[in-house]
Amino acid sequence: MNPVYEKVEICYKQIRARVSFVPKVAIVLGSGLGALAEVIQVVDTVNYSDINGFPVSTVDGHKGRFVFGYIQETPVVIMQGRVHFYEGYEISDVVLPIRVMRKLGADILFLTNSAGGLNTMYRPGDFMMITDHIGSFMPSPLIGENVEEWGKRFPSMENIYDAQLCEFIRQSARECNVLLREGVYVQMKGPQYETSAEVKMCQILGGDAVGMSTAIEAVAGRHMGMRVCGLSCISNMACGISKIPLNHMDVTEVGEKMAPLFRLLVYKSISKMTADMIDQTKADAPQQQTMSTGAIIDDM
């Protein structure tokens with residue numbers, strides 16, 4: 001058996017033995033953004049360290065657990081802390097949580113991160129919806145024997161960030177009166193921050209924000225048929241743009257400061273996404289009994 005497939009199956013079965021909850025949306029929370037998981041209607045939690053073979057987050061600001069529960073009417077699974085390639089894990093381990101959440105039932109993958117601003121129009125505290133990414137500096141999470149059960153050998157990455165989900169985020173930002181930037185996210189290996197020359201390179205390539213996660217997760221999710229969207233919190237301006245030396249504490253502090261607005265934007269967006277899923281179900285099966293409860297869209 002393919003060892004990557006086998007490891008995902010082992011981790012999935014351990015979680016499923018403890019939790020019967022079936023999520024529709026998987027959310028990955030970045031540095032300083034973990035507070036969202038504290039305010040949902042929690043049904044269950046599973047620590048990464050309690051799953052044999054599961055990669056454990058070692059970074060400050062990443063709690064390291066799955067949180068199962070509801071955002072209004074929507075069943076979600078939240079990664080309260082992700083793992084990164086720079087922590088020393090194989091690339092297949094970095095995206096293992098995405099594959100596990102897909103197997104648990106999630107159809108939508110909502111990725112978040114704290115990122116450095118490359119676009120000189122941005123300011124710390126801005127939100128940027130990811131419309132595309134550059135992940136060429138990272139090894140592909142699809143390297144190795146393909147698992148046909150997950151997806152085809154050569155999946156298209158055109159429009160990897162689902163246009164309809166992006167529109168729901170735009171609508172939600174307008175309703176929340178939130179300034180929403182839109183741009184291209186660049187994933188670098190880390191853990192060091194980028195040099196001024198590397199920042200200039202990323203700008204020349206068309207990047208608007210830079211970080212150390214997300215792009216490979218989006219690829220793994222898309223490969224398995226998930227609809228993907230992403231949101232960056234601009235925590236700092238990248239090296240050479242900002243005159244202030246970068247440090248992880250500042251990144252986390254900005255994320256925590258923006259957490260209430262971030263939480264409202266995510267709530268609104270997911271409500272719209274899942275309401276649309278319910279409408280699609282009704283349209284596809286008009287003669288069948290459909291869900292009687294829709295997502296309630298309220299301000300927090």
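**Reading the core and a helix pair**

Tutor: Welcome! This is a predicted model, and its chain has nine helices and nine strands.

Student: How many of the residues count as buried?

Tutor: Of the 300 residues in the chain, 56% count as buried. The accessible surface of the chain is about 13,100 Å², and carbon and sulfur atoms hold 51% of that.

Student: What is the general idea behind a nonpolar core?

Tutor: In soluble globular proteins, nonpolar side chains tend to be buried together. Here, the largest nonpolar core has 78 residues. Those with the most contacts inside this core are Ile 27, Phe 66, Phe 68, Ile 78, Phe 110, Phe 127 and Leu 231.

Student: Which helix gives the most to this core?

Tutor: That is helix α9, residues 259-284, which contributes seven residues. There is also a second, separate core of nine residues, among them Leu 118, Val 184, Met 188 and Val 199.

Student: What describes two packed helices?

Tutor: Two packed helices are described by the angle between their axes and the distance between the axes. Take helix α1 (residues 3-18) and helix α4 (residues 96-104): they pack at an angle of about 55°, and their axes are 9 Å apart. An angle from 35 to 65 degrees falls outside the parallel and perpendicular ranges, so α1 is oblique to α4.

Student: Is the crossing of α1 and α4 left-handed or right-handed?

Tutor: α1 passes α4 in a right-handed crossing. On the α1 side, the residues making the contact include Val 4, Cys 11, Tyr 12 and Ile 15. On the α4 side, they include Leu 96, Val 100 and Leu 104.

Terms used: Residues are numbered from 1 along each chain as its sequence is written. This is a predicted model: local features need pLDDT of at least 70, side-chain atom pairs count only at pLDDT 80 or more; totals for chains, interfaces and linings use all residues. Side-chain values use heavy atoms; hydrogens and water are left out. A nonpolar core is a set of buried Ala, Val, Leu, Ile, Met, Phe, Trp, Tyr and Cys residues joined through side-chain atoms within 4.5 Å. Buried means under 20% relative accessible area, exposed over 50%, partly exposed in between (1.4 Å probe, protein chains only). Helices (H or I, at least four residues) and strands (E, at least two) are DSSP runs, numbered from the N terminus. Accessible areas come from the Shrake-Rupley method with a 1.4 Å probe; for residues, only the protein chains shown count as cover. Axes are lines fitted to C-alpha atoms, for helices over the stretch in contact, and angles run from 0 to 180 degrees between N-to-C directions. Angles under 35 degrees count as roughly parallel, over 145 as roughly antiparallel, 65 to 115 as roughly perpendicular and the rest as oblique. A crossing is left-handed if the near helix is turned anticlockwise from the far one by less than a right angle, and right-handed if clockwise. Contact means heavy atoms within 4.5 Å.
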